[in-house]
Every structure is written in structure tokens, then in C-alpha cells.
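These are notes for a colleague who has not looked at this structure before. Please read them with the model open.

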Amino acid sequence: GNSKSVTVIGLGPMGQAMADVYLKRGYKVTVWNRTSSKADELAARGAVKASSINEALAANELTVISLTDYDVMYPILNPASEHLSGKVLVNLSSDTPEKVRKAAKWLSDRGASLITGGVQVPPSGIGKPDSFTYYSGPKEVFEAHMKDLEVLTGTDYRGEDPGLAMLYYQIQMDIFWTSMLSYLHALAVAGANGISAEQFLPYASATLSSLSTFVEFYTPRLDAGKHPGDVDRLAMGFASIEHVVHTAEDVGIDIALPSAVLDIFKRGMENGHSGDSFTSLIEIFKKSSA
Ligand code: NDP
């Protein structure tokens with residue numbers, strides 16, 4: 001809405017940054033945190049420190065939640081169950097899509113709407129124009145509060161399924177952690193050979209940047225379920241990653257990470273994909289989860 005009034009529950013680094021930005025934009029901000037002293041500084045700058053969770057919820061239709069995860073929300077909101085009806089809760093804590101879907105059900109059983117957000121920036125990015133957050137949940141509810149959410153970051157509404165925002169968040173994290181660990185592993189091998197992180201930087205950056213070109217090239221083939229071996233072959237990739245494993249081994253670097261990759265290539269070969277592209281490994285991943 002345009003009432004410029006919001007409640008913030010959870011004052012970790014993220015919740016602090018959010019309450020801070022709302023105050024700076026002239027919002028009336030009501031805050032609540034388990035450890036109430038964390039609200040003192042905000043209160044000194046004009047925030048209303050709610051003395052109970054009921055008071056925090058009663059102050060506004062819109063409540064932004066920023067907690068460690070979704071499980072933490074229940075012990076906080078449960079005592080205020082009868083005060084949830086008609087409320088809009090925007091939970092910006094990270095968790096799994098399934099946890100979020102359960103929370104949406106729990107809240108709708110109590111007459112409240114849940115909008116989920118997957119924040120893509122650290123606390124320092126809150127209130128900055130280039131930041132963004134994935135959102136999902138009931139569309140009219142999201143649209144009614146979009147202006148208030150845009151105070152925090154840009155918004156990217158993904159759809160009605162409450163799990164979607166977190167799904168987009170987690171599939172990005174899937175790429176992020178595996179890629180960053182591969183970088184750290186390569187750096188360990190480089191370091192064992194006397195190459196510093198700084199010396200490696202232009203090469204590591206170039207390789208990481210080139211990945212999007214590969215992703216773009218393979219996208220239509222992946223959507224079509226086609227893995228022709230005209231550009232690359234799994235057998236070639238297998239030999240390549242085998243060399244990576246041995247290069248690490250030769251300098252006494254842990255090989256758990258490239259060995260896991262080698263093992264996946266091997267399973268693809270055993271499944272008769274030697275002559276197909278390495279993208280055929282997606283079939284291995286699909287089978288594992290079935
Ligand atoms: P914190 O883990 O520091 O958040 C802590 C908050 O959760 C505090 O308000 C804390 O209360 C509360 N809390 C934890 N356990 C309980 C409990 N059992 N009962 C009541 N309250 C509890 O995280 P951040 O502030 O850093 O982040 C918040 C969310 O945002 C997380 O889900 C995180 O994944 C996500 N996020 C964070 C980013 C970051 O860079 N920090 C980036 C993107 C997303 P108390 O003060 O009393 O301990």
C-alpha cells in the first residue's frame with residue numbers, strides 16, 4: 001500500500017539494514033527482535049520498539065520478516081496465532097522451497113498471506129538501486145505491496161507458487177557454490193606450483209566469464225533434450241577431467257572435488273553416452289533424484 005508504515009521482525013544484519021532503509025525513506029517502522037537490545041539503536045532513530053509480537057503484528061498490515069531460516073518463524077508467530085488474520089507477511093529469510101510452501105499453508109490456515117523473497121545481496125546492498133530480490137506468492141498481494149518492497153531492493157516476481165522465489169535462489173546457489181569451490185581447488189593447485197591468487201586472477205576471471213557463452217550455446221539443445229557429440233564428446237571430457245585429477249594429485253592437492261566430477265563422467269560413459277556431448281550428463285542427474 002502507500003501508508004508508508006511497516007513492521008520488521010528479526011534484526012540480524014539483514015533486518016537491521018532493512019529497518020534502517022525504511023526509516024531513511026520516511027516510513028513509520030515498528031520493530032521486534034528476540035534479543036530486544038538489538039532494536040535500541042533503531043528506536044533511538046525513530047523506530048517503534050514493539051514490546052510483544054502481538055503489538056508488532058497489530059501495528060501494520062505489512063510485516064517484513066528476516067530470520068535465520070523458516071523454522072525460527074513458528075516459535076515467534078505461534079503465540080500470536082489469533083492475530084495473524086488479514087496480515088501480509090513478507091518473509092525474506094532463506095530456506096528450501098518445501099519449507100516455504102509449508103509456511104505458506106501454515107499462515108493461510110491462520111488467515112494470513114505469505115510473500116516469499118530470496119534476497120540476492122548482502123546487507124550492504126539493501127536500499128541500493130542495482131540490488132534485487134526474487135519474490136513469489138499471491139500476485140495481487142505482491143502488487144499491492146510492491147512499492148514498499150522496492151524500498152529494499154528491485155523486485156523480480158517469479159509467480160504464485162510460494163516456493164518459486166526460493167527455488168530460483170537455490171538454483172543460483174547451486175551454481176555459485178560448485179563454481180566457487182572449483183575456483184578454490186584450481187587456486188590450491190596453482191598455489192602448490194608457486195602461482196598466487198593475484199597471478200591467477202585474470203585467467204580465473206576469463207574462464208568464469210566464458211561459462212555464460214557455453215550455457216547460452218547449450219540452452220536450446222538442453223531444452224530439446226538433444227546431446228549430439230558434434231561439438232564435444234563425453235569421452236573427450238572424461239580424458240580432460242582425468243588430467244585435472246592427476247595434475248592435482250601430482251602436487252599433493254586433495255582430489256575429492258575433481259574425482260566427484262570424474263565419477264559422474266564415468267557413469268555417463270557406462271550409460272553409453274561416450275559419443276554424446278557432456279550435456280548428456282543431465283540424464284545422470286535426473287536419474288539420481290528419481
Ligand atoms: P541472522 O542469522 O544473523 O539472523 C538472525 C535473526 O534471526 C536475528 O533476528 C535472531 O534473533 C533471529 N533468530 C535466530 N534464531 C532464532 C530463534 N530460535 N528464535 C527467535 N529468533 C531467532 O541472519 P541475517 O540477518 O544475516 O540474514 C537473515 C536472512 O537473510 C537469512 O535467512 C539469510 O540466509 C538471508 N540472507 C542473508 C544474506 C547476508 O548476506 N547476510 C544475503 C541474502 C540472504 P536474535 O538477535 O535474538 O539472535
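1. A salt bridge, as the term is used here, is a side-chain nitrogen of Lys or Arg within 4 Å of a carboxyl oxygen of Asp or Glu. By that rule Lys286 and Glu283 form a salt bridge, since their closest N and O atoms are 3.7 Å apart. The model is a predicted one, and the values below are computed from it.

2. On the overall make-up: the protein chain contains 11 helices and eight strands. Its C-alpha trace spans about 65 × 45 × 30 Å along the principal axes. The radius of gyration is 24 Å, whereas a compact globule of 290 residues would have one near 19 Å.

3. On burial and contacts: of the 290 residues in the protein chain, 41% are buried. Among contacts with a separation of 6 or more, 61% are between residues 24 or more positions apart. The accessible surface of the protein chain is about 15200 Å², and carbon and sulfur atoms account for 58% of that surface.

4. On charge: the protein chain carries 25 positive and 33 negative side chains. The centres of these two sets lie 6 Å apart. Side chains of opposite charge can pair when their charged atoms come close. How many salt bridges does the structure hold? The count is 12, and three of the pairs are described in the next points.

5. The pair in helix α11 is the one used in the opening point. Lys286 and Glu283 both belong to this helix, which covers residues 281-289, and they are three residues apart, about one turn of the helix. Both are partly exposed: Lys286 has a relative accessible area of 49%, and Glu283 has one of 25%. Elsewhere, salt bridges with shared partners link Asp20, Lys24 and Arg45 into one network.

6. Within that network, Asp20 and Lys24 are joined by a salt bridge of 2.9 Å, N to O. Both residues sit in helix α1 (residues 13-24), with their positions four residues apart in the count, about one turn of the helix. Are these two side chains buried or exposed? Asp20 counts as buried, because its relative accessibility is 15% and the limit is under 20%. Lys24 counts as exposed, because its relative accessibility of 62% is over 50%.

7. Helix α5 (residues 97-108) holds another such pair, Arg101 and Glu98. The closest N and O atoms of this salt bridge are 2.8 Å apart. The two residues are separated by about one helical turn, because they are three residues apart in the helix. Arg101 is partly exposed at 29% relative accessible area, and Glu98 is partly exposed at 44%.

8. Turning to loops, where is Glu61 placed? Glu61 lies in the loop between α3 (53-58) and β4 (62-65). Its relative accessible area is 44%, so Glu61 counts as partly exposed. Apart from neighbours within four places in sequence, Glu61 contacts Gly86, Lys87, Val88 and His145. The C-alpha atoms of Glu61 and Leu84 are separated by 9.5 Å, and the two residues are 23 apart along the chain.

9. Ser81 is in the loop between α4 (73-77) and β5 (88-91). Ser81 counts as buried because its relative accessibility is 18%, where the limit is under 20%. Which residues does Ser81 contact, leaving aside neighbours within four places in sequence? They are Trp106 and Arg110.

10. Ala112 is found in the loop between α5 and β6 (113-119). With a relative accessibility of 5%, Ala112 counts as buried. Ala112 touches Leu84, Lys87 and Leu107, not counting residues up to four places away in sequence. For Ala112 and Leu84, which are 28 residues apart along the chain, the C-alpha atoms are separated by 5.6 Å.

11. Two residues recur in these loop points. Lys87 is among the contacts of Glu61 and is also touched by Ala112. Leu84 is touched by Ala112, and the C-alpha atoms of Leu84 and Glu61 are separated by 9.5 Å.

Technical notes
Residues are numbered from 1 along each chain as its sequence is written. This is a predicted model: local features need pLDDT of at least 70, side-chain atom pairs count only at pLDDT 80 or more; totals for chains, interfaces and linings use all residues. Side-chain values use heavy atoms; hydrogens and water are left out. The radius of gyration is taken over C-alpha atoms; the globule rule is 2.2 Å times the number of residues to the power 0.38. Buried means under 20% relative accessible area, exposed over 50%, partly exposed in between (1.4 Å probe, protein chains only). Contact means heavy atoms within 4.5 Å. Accessible areas come from the Shrake-Rupley method with a 1.4 Å probe; for residues, only the protein chains shown count as cover. Lys and Arg count as positive and Asp and Glu as negative; His and the chain ends are not counted. The place of a charge is taken as NZ of Lys, CZ of Arg, CG of Asp or CD of Glu.
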